[in-house]
Each structure stands twice: as structure tokens, then as C-alpha cells.
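Please read this report with the sequence and the model side by side, and look up each residue as it is mentioned. The text begins with a sheet, goes on to single residues, and ends with the place where two chains meet.

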Amino acid sequence: MRKSPSITSKLPAVCAIALLLLIWHTACDLDWVPNFMLPAPGAVLRALAEDFPMLLQHARVTLLEAFYGLMTGVAVAFITATLMDRFTILYRAVYPLIIITQTIPTIAVAPLLVLWMGFGAAPKVTLVALTTFFPITIGLLDGYASADKEAAALLRSMGASRWQLFRHLKFPAALSHFFSGLRVSSSYAVVGAVVSEWLGGFEGLGVYMTRVRKAYAFDKMFAVIVFITAVSLLLMAAVTLLRRASMPWEVYEKMERKD
Amino acid sequence: MSDSILRAEHITKCYDGIPIIEDVSVHLENRELVCLLGVSGSGKTTLFHVISGLNPPEEGKVFLRGEEITGKPGHISYMLQKDLLLPHKKIVDNVALPLLLRGAGKKEAREKAGTFFEQFGLAGTELKYPAQLSGGMRQRAALLRTYLGSQGVALLDEPFSALDALTKTEIHTWYLHVMDQIELSTLFITHDIDEAIRLSDRIYILGGKPGRILAELKIDPPRPRDKDFSLTREYADYKREILRILDQ
């Protein structure tokens, strides 16, 4: 039995991260950078531990916004992509629009949303939906297009209706692309929710971030950043698990390719 | 002639106004194996698309057991060199797909399909995914799916051309055996002259541009044929005749 390739392939990344942390620690320890501007890794970790209960409380709000936003984004993406795939004219009309909306920076839209919708959850959910919608739509469109043309002809020869073709061929073919999009979107969702909280609100990681920034509590700032990174990574891992559960055949396809 | 299981009459099919096949008529009798032999580009696959109802012809009609099915998919399915099994479905669901598309319930379709697994040498693969099966097994599954989708007629488009010579001989023997068991009639596309002579009851030779039937040849010795058939004088005569027609 060979060693698991995932361990050997992850080793360089682990070393790189360890090296960066070491440089950071040394830089702080030898006072290359003033400590109030860049807190040492140890200080950040201490702040993280101290604030953890509070961070969890804020995270609950942020994650809920991110979740609702992501679900809205997925639903809208699914409807849009499916209609675009079904009606070529719609594809031609809407595709450029979708690309244009992606060039508008989130930061620029967020204040507008707050002005329109107030300081509640609505502008946050909307912003998250706007940012997550794109990768999933593109993923689904690519996925639908990737369905085997010959298999489609064969299914039609068996008398498959348009709906049956979608259900048995196109939708399953799009699943892997969908999950790739969802993975990216799930990290966008957290970031989107945090950014929208900067602009106002009562609770949430973004609100908390603004507060500690105003207090010049750099160690706490860094602690939030580390926390958000961890949450995003966890979400991405959750998507991977969901993908494995929904596509049990993928494992065998990967094994087959290795043979 | 009226009891032909499948008949295509005077089929002409164009793409972008250019005729690909012209005035092609073929018929298939019950439990017969008929080959369409021709060089690539002679419109063999086009004819299959017409017969399966995917592309309606400009002229001509297709009958299945006397009922006209021109341009109506859902009656006859075909099988290609690529197995085209859906990767996300287990073998039993892949095979049962034609039944499902026709409106059968999932359980009912699975049960019906399941009864043939033994016969097709697929026992034990029901709940596996296509990626877990070898190429030969996948072809068998694809053939079973074709059978369940085709009401006694199978259209095979070079189904074994990716296999090596030994496996090919083996699967030929197996195919003829299964075909007799399940009372299947087969229309078979190939560009392999030896394969055509070994398997067929009759051979249509397709050629020219646009493609037409150049000749129809009956291979007399009854199936199953002796292993040494391909070494006989008779066999060589058939082959010489076919080469002569293709050369013209």
C-alpha cells in the first residue's frame, strides 16, 4: 500500500504556513514592527480565546445572513441558469448583464442597499445573494452545456421528453459544476455578510470588527480575521461533504481514471 | 414481405440541402441479423438516426411491425461504440431507463430490467456504477438497455469496433447466443467485412455519394457457423464479391 497522496501533497502547504507564522513571530519578537500595529501570533491567539464566546454570538447572526443570502443566491441562480439554458434568446440577452453586474464592486453597492433597506438583515442577505449568485449560475450553465450530446440523442431516441432529458441527463451532468460553484460561493457568502455589516447593524462579526477597529484593538481585529477564515474553511469543507453525499459515483470515476 | 419486423422504404435524408442518403430501402425479418456494410461517410449512421426517429427523412417511411413510425422516437433505440451509460445511475437504473422514460414506475422498471441480468452475464452488477465495470461489461449493459428500449429490434452502430480481435470473437459468439434466446432481430452497422460475413444472414452494401444500396448479399450457411467458416472457399468468395462491389 502506498502512502496516502493527500498527506504528501499537503506537506509543502503546511510548511509554508508554519514558515510565515515563524517570520511573523520573529518580526514581532525583535520589534521590527511596533507591537500595537502588528500583534504577535501568540497575542492574536490569546485574544481569540478571550473573545471566543462573544465571537460565537456575533457569528450566529453573520452566518444566518450568509446562509439566507446563499440560499437565495442558489435559488435565483438555479432558475436563471435553467431558463437561460432552455431559451437561447434569454441566454444572449442576460449573459452580458450578468458579467457586467460582476464588475460592480460589492463595497460600492453595499451603502446603496443600506439606504434602500435599512440597518436590518435585508440589505445583508441581498448583498450575499448578489455575490453568490454569479459563480453558481456560471457553474450550472457550464454544467448543462457539458451534458453528452450523443447521450442526449440516445435518450431522445428512447422517447425522452425535454423534462426527462433535463432530469436524467442535464441536471446530473451539472451537479459537479454546481458544487464547484457552491464551494466558491460559500466563502463569498461569509465575506459578503461581514462587509455589509461594516456599514451598519446591531450584531454580527462585521459590526464587532468595526467596534474593535475604532478601539484600535489590533489583536482583537486579527482574532476576528482568523475566526472568519476558519468559518469560511469549515463551510467549504461542509460543501465538499455535501458533494460526496450527493454524488456517490464520483469516487469510482476518480478511481477509474487512476487505473 | 409484409411480416417484416422493420422496414425502411425509399429513405432520402439531406443535411443543409445536400443529400446524405438517397432512396435507401432496407428490411429486417424476425430474428434476422442484417449488416449495413460501407465505408465511412456512406451515411450508415444517418440511416440509423432516421430509423430511430431522431431525424425525420425528407422522403420515405419507416415501419415497425407494419405500423408507421417515421420521425417518431421512442420505438427503436440504438447502441454505439461508446456505451453512453449515465455515470450517475446504477447499472440497473441505466438499463431500466427506457422503461422509466415510457412512464413505468421506478420499482417496476427495476424489476423488469433485473430479470435479464443473468442472461446478459451481468448478474451482481445491478447496484454498481458504470465506472466500476469493465468495458466489455458496460457494452453488455448498453445492449440490454437497447433491448429494453427497442421492442425486439436492436440497431447496433459498430458496437464492438473498439474491442480487440479475441474479445471481439468472444462477444460475437455471445451476442448471437443471447440474440436467439431473447428473440431479437438486429440491424448492424460495420465497416469490418469479416465481421459482416461472420455474423450476418444478409448484408446490405452501402456506398457512393449520396449513399445508396449498392448490393444485397445473402450469406447462406445457417448460424451458428463453424469456427472454421472464415477459412472456407465459400467465405473467400463472399469476401471477394464484397470487395468487388465496394471497389466499383
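In chain B, an open sheet of 4 strands has the order E2-E1-E4-E5, with antiparallel pairing. The strands are DSSP runs of E with at least two residues, just as helices are DSSP runs of H or I with at least four residues, and both are numbered from the N terminus; two strands pair if DSSP finds at least two bridges between them. E2 and strand E5 (67-68) of chain B stand at the edges, and because each has a single partner strand, one side of each is left without a neighbour in the sheet. In general, strands of a sheet pair through backbone hydrogen bonds, and this pairing is either parallel or antiparallel. Strand E4 (residues 59-64) of chain B is joined to E5(B) by 2 bridges, and these strands run antiparallel. In E5(B), B:Glu67 is the residue that stands opposite B:Leu64.

This is a predicted model, in which local features need pLDDT of at least 70 and side-chain atom pairs count only at pLDDT 80 or more, while totals for chains, interfaces and linings use all residues. Residues are numbered from 1 along each chain as its sequence is written, chains are lettered from A and ligands numbered from 1 in the order in which they are written, and side-chain values use heavy atoms, with hydrogens and water left out.

B:Ser4 lies in the segment before strand E1 (6-15) of chain B. Is B:Ser4 buried or exposed? B:Ser4 counts as buried because its relative accessibility is 4%, where buried means under 20% relative accessible area, exposed means over 50%, and partly exposed is in between (1.4 Å probe, protein chains only). Leaving aside residues up to four places away in sequence, B:Ser4 touches B:His27, B:Leu28, B:Glu29 and B:Arg65, contact being heavy atoms within 4.5 Å. With B:Glu29, the side chain of B:Ser4 also makes a polar contact, side chain to side chain, at 2.7 Å. A polar contact is a pair of N or O atoms within 3.5 Å; within protein, one must be able to donate a hydrogen and the other to accept it, and residues adjacent in sequence count only if both atoms are side-chain atoms.

Two residues of chain B that are not glycine have a positive phi, and they are set out below.

| Residue | Phi | Loop in chain B | Relative accessibility |
|---|---|---|---|
| B:Asp16 | near 55° | between E1 and strand E2 (18-28) | 79%, exposed |
| B:Arg31 | about 60° | between E2 and strand E3 (33-38) | 34%, partly exposed |

Elsewhere in chain B, a cis peptide bond with omega of about -5° joins B:Lys209 and B:Pro210, and B:Pro210 is placed in the loop between strand E9 (202-207) and strand E10 (212-218).

Where the two chains meet, 20 residues of chain A are in contact with 24 residues of chain B. The area buried between them is about 2,100 Å², of which carbon and sulfur atoms give 65%; buried area is the accessible area (1.4 Å probe) that two parts lose on being put together, summed over both. The count between chain A and chain B is 2 salt bridges, a salt bridge being a side-chain nitrogen of Lys or Arg within 4 Å of a carboxyl oxygen of Asp or Glu. One of them links the side chains of A:Asp148 and B:Lys82, at 3.5 Å from N to O.
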